[in-house]
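Hi,

Here is the structure I promised to pass on. Have a look at it first, and then read my notes on the side-chain contacts below.

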Amino acid sequence: MNARIEQIQQSIEPLRQEIINHKVYDAIQSVDDVRVFMQYHVFAVWDFMSLLKALQLNLTCTSVPWFPKGSAETRYLINEIVAGEESDVDMDGTRKSHFELYLDAMQQCGADTVPIETFVAILKETGDFDQAFTASATPQAANDFVNFTFAIISGNREHQQSAVFTFGREDLIPGMFISIINDLHRKFPDSLSIFKYYLERHIEVDGDHHSQLALQMTANLCGENEQYWLEAEQSVRQALQKRIDLWDCVYEELMEKRKDHQETEMARLV
(Lines give C-alpha, C1' and ligand atoms only; values in the text may rest on other atoms or scores of the structure.)
Protein backbone atom coordinates (compact mmCIF):
# COMPACT_ATOMS: atom_id res chain seq x y z
CA MET A 1 0.00 0.00 0.00
CA ASN A 2 1.06 3.60 -0.61
CA ALA A 3 3.22 4.76 2.32
CA ARG A 4 1.45 8.11 2.55
CA ILE A 5 -1.93 6.38 2.71
CA GLU A 6 -0.61 4.30 5.61
CA GLN A 7 0.68 7.47 7.30
CA ILE A 8 -2.78 9.06 7.16
CA GLN A 9 -4.37 5.87 8.44
CA GLN A 10 -2.02 5.80 11.43
CA SER A 11 -2.54 9.50 12.15
CA ILE A 12 -6.34 9.31 12.18
CA GLU A 13 -6.66 5.95 13.94
CA PRO A 14 -7.44 7.47 17.38
CA LEU A 15 -10.29 9.47 15.84
CA ARG A 16 -11.53 6.43 13.94
CA GLN A 17 -11.54 4.38 17.11
CA GLU A 18 -13.44 7.13 18.93
CA ILE A 19 -16.13 6.93 16.24
CA ILE A 20 -16.23 3.15 15.95
CA ASN A 21 -16.46 2.75 19.73
CA HIS A 22 -18.71 5.74 20.37
CA LYS A 23 -21.11 5.41 23.29
CA VAL A 24 -24.06 6.24 21.03
CA TYR A 25 -24.18 2.64 19.83
CA ASP A 26 -24.73 1.22 23.29
CA ALA A 27 -27.39 3.88 23.85
CA ILE A 28 -29.49 2.50 20.98
CA GLN A 29 -31.73 0.08 22.86
CA SER A 30 -35.10 0.39 21.13
CA VAL A 31 -36.68 1.08 17.78
CA ASP A 32 -37.44 4.60 19.02
CA ASP A 33 -33.73 5.11 19.65
CA VAL A 34 -33.00 3.93 16.11
CA ARG A 35 -35.47 6.51 14.80
CA VAL A 36 -33.59 9.31 16.58
CA PHE A 37 -30.27 8.05 15.23
CA MET A 38 -31.58 7.89 11.66
CA GLN A 39 -33.09 11.37 11.81
CA TYR A 40 -29.58 12.76 12.36
CA HIS A 41 -27.62 10.31 10.23
CA VAL A 42 -29.76 10.83 7.12
CA PHE A 43 -28.18 14.27 6.65
CA ALA A 44 -24.76 12.59 6.43
CA VAL A 45 -26.16 10.04 3.97
CA TRP A 46 -27.45 12.89 1.79
CA ASP A 47 -24.34 15.05 1.79
CA PHE A 48 -22.20 11.98 1.12
CA MET A 49 -23.94 11.80 -2.26
CA SER A 50 -23.18 15.48 -2.88
CA LEU A 51 -19.49 14.95 -2.09
CA LEU A 52 -19.47 11.97 -4.44
CA LYS A 53 -21.00 13.97 -7.28
CA ALA A 54 -18.59 16.86 -6.70
CA LEU A 55 -15.73 14.44 -7.26
CA GLN A 56 -17.34 13.12 -10.41
CA LEU A 57 -17.84 16.66 -11.73
CA ASN A 58 -14.21 17.54 -11.03
CA LEU A 59 -12.61 14.34 -12.26
CA THR A 60 -14.66 13.56 -15.37
CA CYS A 61 -16.19 15.47 -18.25
CA THR A 62 -19.91 15.97 -17.59
CA SER A 63 -20.56 18.58 -20.29
CA VAL A 64 -21.12 18.57 -24.03
CA PRO A 65 -19.12 18.49 -26.22
CA TRP A 66 -17.16 15.81 -24.40
CA PHE A 67 -13.38 15.92 -24.07
CA PRO A 68 -11.02 13.59 -22.22
CA LYS A 69 -10.33 14.96 -18.74
CA GLY A 70 -7.63 13.94 -16.30
CA SER A 71 -6.51 10.39 -15.76
CA ALA A 72 -8.57 7.61 -17.32
CA GLU A 73 -7.83 5.45 -14.27
CA THR A 74 -9.15 8.11 -11.90
CA ARG A 75 -12.23 8.57 -14.11
CA TYR A 76 -12.86 4.85 -13.86
CA LEU A 77 -12.48 4.84 -10.08
CA ILE A 78 -15.00 7.62 -9.42
CA ASN A 79 -17.50 6.45 -12.06
CA GLU A 80 -17.44 2.95 -10.61
CA ILE A 81 -18.21 4.29 -7.13
CA VAL A 82 -20.96 6.59 -8.44
CA ALA A 83 -22.69 3.71 -10.20
CA GLY A 84 -22.81 1.71 -6.98
CA GLU A 85 -23.93 4.57 -4.74
CA GLU A 86 -26.38 6.32 -7.05
CA SER A 87 -28.05 3.27 -8.58
CA ASP A 88 -27.69 0.27 -6.27
CA VAL A 89 -30.52 -2.24 -5.72
CA ASP A 90 -32.96 -2.50 -2.83
CA MET A 91 -34.17 -5.74 -1.25
CA ASP A 92 -36.53 -6.32 -4.19
CA GLY A 93 -33.92 -5.66 -6.85
CA THR A 94 -35.24 -2.17 -7.70
CA ARG A 95 -32.59 0.40 -8.61
CA LYS A 96 -32.20 3.11 -5.98
CA SER A 97 -29.56 5.43 -4.61
CA HIS A 98 -28.38 4.73 -1.10
CA PHE A 99 -30.09 7.93 0.02
CA GLU A 100 -33.44 6.76 -1.34
CA LEU A 101 -32.88 3.36 0.25
CA TYR A 102 -32.20 5.07 3.56
CA LEU A 103 -35.45 7.03 3.31
CA ASP A 104 -37.28 3.73 2.75
CA ALA A 105 -35.65 2.35 5.88
CA MET A 106 -36.70 5.41 7.89
CA GLN A 107 -40.28 5.12 6.71
CA GLN A 108 -40.41 1.41 7.56
CA CYS A 109 -39.36 1.97 11.16
CA GLY A 110 -41.42 5.12 11.68
CA ALA A 111 -38.58 7.65 11.73
CA ASP A 112 -39.56 11.21 10.86
CA THR A 113 -38.52 11.98 7.27
CA VAL A 114 -40.17 15.41 7.15
CA PRO A 115 -37.04 17.37 8.21
CA ILE A 116 -34.72 15.87 5.59
CA GLU A 117 -37.39 15.97 2.88
CA THR A 118 -38.16 19.62 3.71
CA PHE A 119 -34.45 20.45 3.71
CA VAL A 120 -33.92 18.86 0.28
CA ALA A 121 -37.06 20.45 -1.19
CA ILE A 122 -36.21 23.98 0.02
CA LEU A 123 -32.59 23.67 -1.05
CA LYS A 124 -33.63 22.42 -4.48
CA GLU A 125 -36.01 25.35 -4.86
CA THR A 126 -33.86 28.16 -3.46
CA GLY A 127 -30.25 26.98 -3.32
CA ASP A 128 -30.11 28.65 0.11
CA PHE A 129 -28.67 26.37 2.79
CA ASP A 130 -29.56 28.66 5.70
CA GLN A 131 -33.17 28.85 4.56
CA ALA A 132 -33.31 25.07 4.13
CA PHE A 133 -31.79 24.46 7.58
CA THR A 134 -34.25 26.85 9.22
CA ALA A 135 -37.34 25.54 7.42
CA SER A 136 -36.47 21.93 8.26
CA ALA A 137 -35.38 22.64 11.85
CA THR A 138 -32.20 20.70 11.17
CA PRO A 139 -30.34 19.78 14.38
CA GLN A 140 -27.32 22.04 14.85
CA ALA A 141 -24.81 19.18 14.74
CA ALA A 142 -26.25 17.98 11.42
CA ASN A 143 -26.18 21.58 10.18
CA ASP A 144 -22.48 21.85 11.10
CA PHE A 145 -21.73 18.48 9.53
CA VAL A 146 -23.31 19.42 6.19
CA ASN A 147 -21.70 22.87 6.21
CA PHE A 148 -18.25 21.33 6.63
CA THR A 149 -18.86 18.91 3.76
CA PHE A 150 -19.93 21.74 1.48
CA ALA A 151 -16.94 23.84 2.52
CA ILE A 152 -14.81 20.97 1.22
CA ILE A 153 -16.93 20.80 -1.94
CA SER A 154 -16.82 24.56 -2.59
CA GLY A 155 -13.07 24.63 -1.97
CA ASN A 156 -12.80 22.71 -5.24
CA ARG A 157 -9.61 20.94 -4.17
CA GLU A 158 -9.92 17.46 -5.61
CA HIS A 159 -7.35 15.86 -3.33
CA GLN A 160 -9.14 17.15 -0.23
CA GLN A 161 -12.55 16.06 -1.50
CA SER A 162 -11.20 12.61 -2.26
CA ALA A 163 -9.45 12.28 1.11
CA VAL A 164 -12.56 13.27 3.08
CA PHE A 165 -14.63 10.93 0.93
CA THR A 166 -12.16 8.08 1.41
CA PHE A 167 -11.16 8.34 5.07
CA GLY A 168 -14.08 10.32 6.44
CA ARG A 169 -16.79 8.33 4.71
CA GLU A 170 -16.06 5.30 2.50
CA ASP A 171 -13.18 3.91 4.53
CA LEU A 172 -15.01 4.64 7.79
CA ILE A 173 -18.47 3.24 7.13
CA PRO A 174 -17.82 -0.49 7.52
CA GLY A 175 -16.25 -0.35 10.98
CA MET A 176 -18.65 2.32 12.13
CA PHE A 177 -21.72 0.24 11.33
CA ILE A 178 -20.61 -3.26 12.28
CA SER A 179 -21.22 -2.53 15.96
CA ILE A 180 -24.70 -1.24 15.14
CA ILE A 181 -25.78 -4.04 12.87
CA ASN A 182 -24.94 -6.76 15.38
CA ASP A 183 -27.13 -5.13 18.00
CA LEU A 184 -29.92 -4.48 15.53
CA HIS A 185 -30.03 -8.09 14.41
CA ARG A 186 -30.16 -9.28 18.01
CA LYS A 187 -32.64 -6.76 19.40
CA PHE A 188 -34.93 -6.03 16.46
CA PRO A 189 -34.73 -8.99 14.06
CA ASP A 190 -38.05 -8.35 12.29
CA SER A 191 -38.86 -4.66 12.49
CA LEU A 192 -35.85 -3.06 10.77
CA SER A 193 -35.24 -5.22 7.72
CA ILE A 194 -34.58 -2.37 5.26
CA PHE A 195 -32.19 -0.59 7.62
CA LYS A 196 -30.42 -3.88 8.25
CA TYR A 197 -30.16 -4.41 4.48
CA TYR A 198 -28.81 -0.87 4.01
CA LEU A 199 -26.10 -1.46 6.60
CA GLU A 200 -25.18 -4.84 5.14
CA ARG A 201 -24.85 -3.30 1.67
CA HIS A 202 -22.40 -0.73 3.02
CA ILE A 203 -20.37 -3.39 4.78
CA GLU A 204 -20.37 -5.55 1.67
CA VAL A 205 -19.77 -2.88 -0.98
CA ASP A 206 -17.98 -0.05 0.83
CA GLY A 207 -15.96 -2.32 3.09
CA ASP A 208 -14.24 -3.96 0.17
CA HIS A 209 -14.65 -2.75 -3.39
CA HIS A 210 -15.43 0.94 -2.96
CA SER A 211 -12.93 1.56 -0.18
CA GLN A 212 -10.10 0.14 -2.27
CA LEU A 213 -11.15 2.26 -5.26
CA ALA A 214 -11.32 5.36 -3.08
CA LEU A 215 -7.89 4.75 -1.54
CA GLN A 216 -6.37 4.46 -5.00
CA MET A 217 -8.18 7.59 -6.16
CA THR A 218 -6.78 9.62 -3.25
CA ALA A 219 -3.28 8.30 -3.87
CA ASN A 220 -3.55 9.25 -7.55
CA LEU A 221 -4.76 12.78 -6.79
CA CYS A 222 -2.16 13.54 -4.12
CA GLY A 223 0.64 11.96 -6.12
CA GLU A 224 4.06 13.22 -5.06
CA ASN A 225 2.80 16.58 -3.83
CA GLU A 226 3.75 16.92 -0.16
CA GLN A 227 1.41 19.87 0.40
CA TYR A 228 -1.52 17.88 -1.01
CA TRP A 229 -0.89 15.04 1.43
CA LEU A 230 -0.71 17.44 4.38
CA GLU A 231 -3.93 19.19 3.34
CA ALA A 232 -5.62 15.84 2.80
CA GLU A 233 -4.73 14.65 6.31
CA GLN A 234 -5.86 17.90 7.93
CA SER A 235 -9.21 17.79 6.13
CA VAL A 236 -9.78 14.18 7.13
CA ARG A 237 -9.12 14.94 10.79
CA GLN A 238 -11.64 17.77 10.65
CA ALA A 239 -14.20 15.53 8.96
CA LEU A 240 -13.82 12.80 11.58
CA GLN A 241 -14.26 15.35 14.36
CA LYS A 242 -17.49 16.51 12.75
CA ARG A 243 -18.71 12.91 12.79
CA ILE A 244 -17.85 12.64 16.49
CA ASP A 245 -19.73 15.87 17.16
CA LEU A 246 -22.75 14.50 15.28
CA TRP A 247 -22.72 11.26 17.28
CA ASP A 248 -22.31 13.25 20.52
CA CYS A 249 -25.47 15.17 19.71
CA VAL A 250 -27.41 11.97 18.94
CA TYR A 251 -26.23 10.51 22.25
CA GLU A 252 -27.29 13.62 24.17
CA GLU A 253 -30.77 13.51 22.67
CA LEU A 254 -31.12 9.80 23.46
CA MET A 255 -30.07 10.41 27.06
CA GLU A 256 -32.45 13.35 27.38
CA LYS A 257 -35.36 11.26 26.09
CA ARG A 258 -34.43 8.47 28.51
CA LYS A 259 -34.32 10.90 31.40
CA ASP A 260 -37.72 12.36 30.47
CA HIS A 261 -39.19 8.86 30.25
CA GLN A 262 -37.82 7.89 33.65
CA GLU A 263 -39.18 11.07 35.23
CA THR A 264 -42.58 10.41 33.67
CA GLU A 265 -42.58 6.86 35.00
CA MET A 266 -41.57 8.04 38.48
CA ALA A 267 -44.34 10.64 38.47
CA ARG A 268 -46.87 8.01 37.37
CA LEU A 269 -45.84 5.65 40.18
CA VAL A 270 -46.11 8.41 42.77
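A cut-off to start with: a residue counts as buried under 20% relative accessible area, as exposed over 50%, and as partly exposed in between. Glu86, at 38% relative accessibility, is therefore partly exposed. Please keep in mind that this is a predicted model.

Salt bridges

There are ten salt bridges by the rule I used. Glu86 takes part in one of them: its partner is Lys53, with the closest N and O atoms 3.2 Å apart. That contact ties together distant parts of the chain, since Lys53 belongs to helix 3 (residues 31–59) and Glu86 to helix 4 (residues 72–86), 33 residues apart. Lys53 is also partly exposed, at 27% relative accessibility.

Another long-range one is Arg157 with Glu231, at 2.8 Å from N to O. Here Arg157 sits in the loop between helix 8 (140–155) and helix 9 (158–170), while Glu231 is in helix 12 (residues 226–269), 74 residues apart from it. As for accessibility, Arg157 is partly exposed at 31%, whereas Glu231 is buried at 14%. Salt bridges with shared partners also join Asp90, Lys96 and Asp104 into one network.

For a local example, try Glu13 and Arg16, whose side chains meet at 3.4 Å, N to O. These two are three residues apart in helix 1 (residues 3–20), which means about one helical turn separates them. Glu13 is partly exposed at 29% relative accessibility, but Arg16 is buried at 14%.

Aromatic rings

How many aromatic pairs does the structure hold? The count is eleven. One of them is Tyr102 with Phe195, an edge-to-face pair with 5.8 Å between the centres and 90° between the planes. It links distant parts of the chain, with Tyr102 in helix 5 (residues 98–109) and Phe195 in helix 11 (residues 193–222), 93 residues apart. Both Tyr102 and Phe195 are buried.

Then there is Phe129 with Phe150: the ring centres are 4.7 Å apart and the planes stand at 55°, so this pair is tilted. Phe129 is in helix 7 (residues 129–136) and Phe150 in helix 8, 21 residues apart. Phe129 is partly exposed, at 22% relative accessible area. Both rings belong to a cluster, linked by ring pairs, of Phe43, Trp46, Phe119, Phe129, Phe133 and Phe150.

One last contact to look up: Arg243 lies over the face of Trp247, 5.2 Å from the ring centre.

Cheers

Methods:
Residues are numbered from 1 along each chain as its sequence is written. This is a predicted model: local features need pLDDT of at least 70, side-chain atom pairs count only at pLDDT 80 or more; totals for chains, interfaces and linings use all residues. Side-chain values use heavy atoms; hydrogens and water are left out. A salt bridge is a side-chain nitrogen of Lys or Arg within 4 Å of a carboxyl oxygen of Asp or Glu. Helices (H or I, at least four residues) and strands (E, at least two) are DSSP runs, numbered from the N terminus. Buried means under 20% relative accessible area, exposed over 50%, partly exposed in between (1.4 Å probe, protein chains only). Rings of Phe, Tyr and Trp (its six-membered ring) pair if their centres lie within 6.5 Å; planes under 30 degrees apart count as stacked, over 60 as edge-to-face and the rest as tilted. A charge sits over a ring if NZ of Lys or CZ of Arg is within 6 Å of the ring centre and within 35 degrees of the ring normal.
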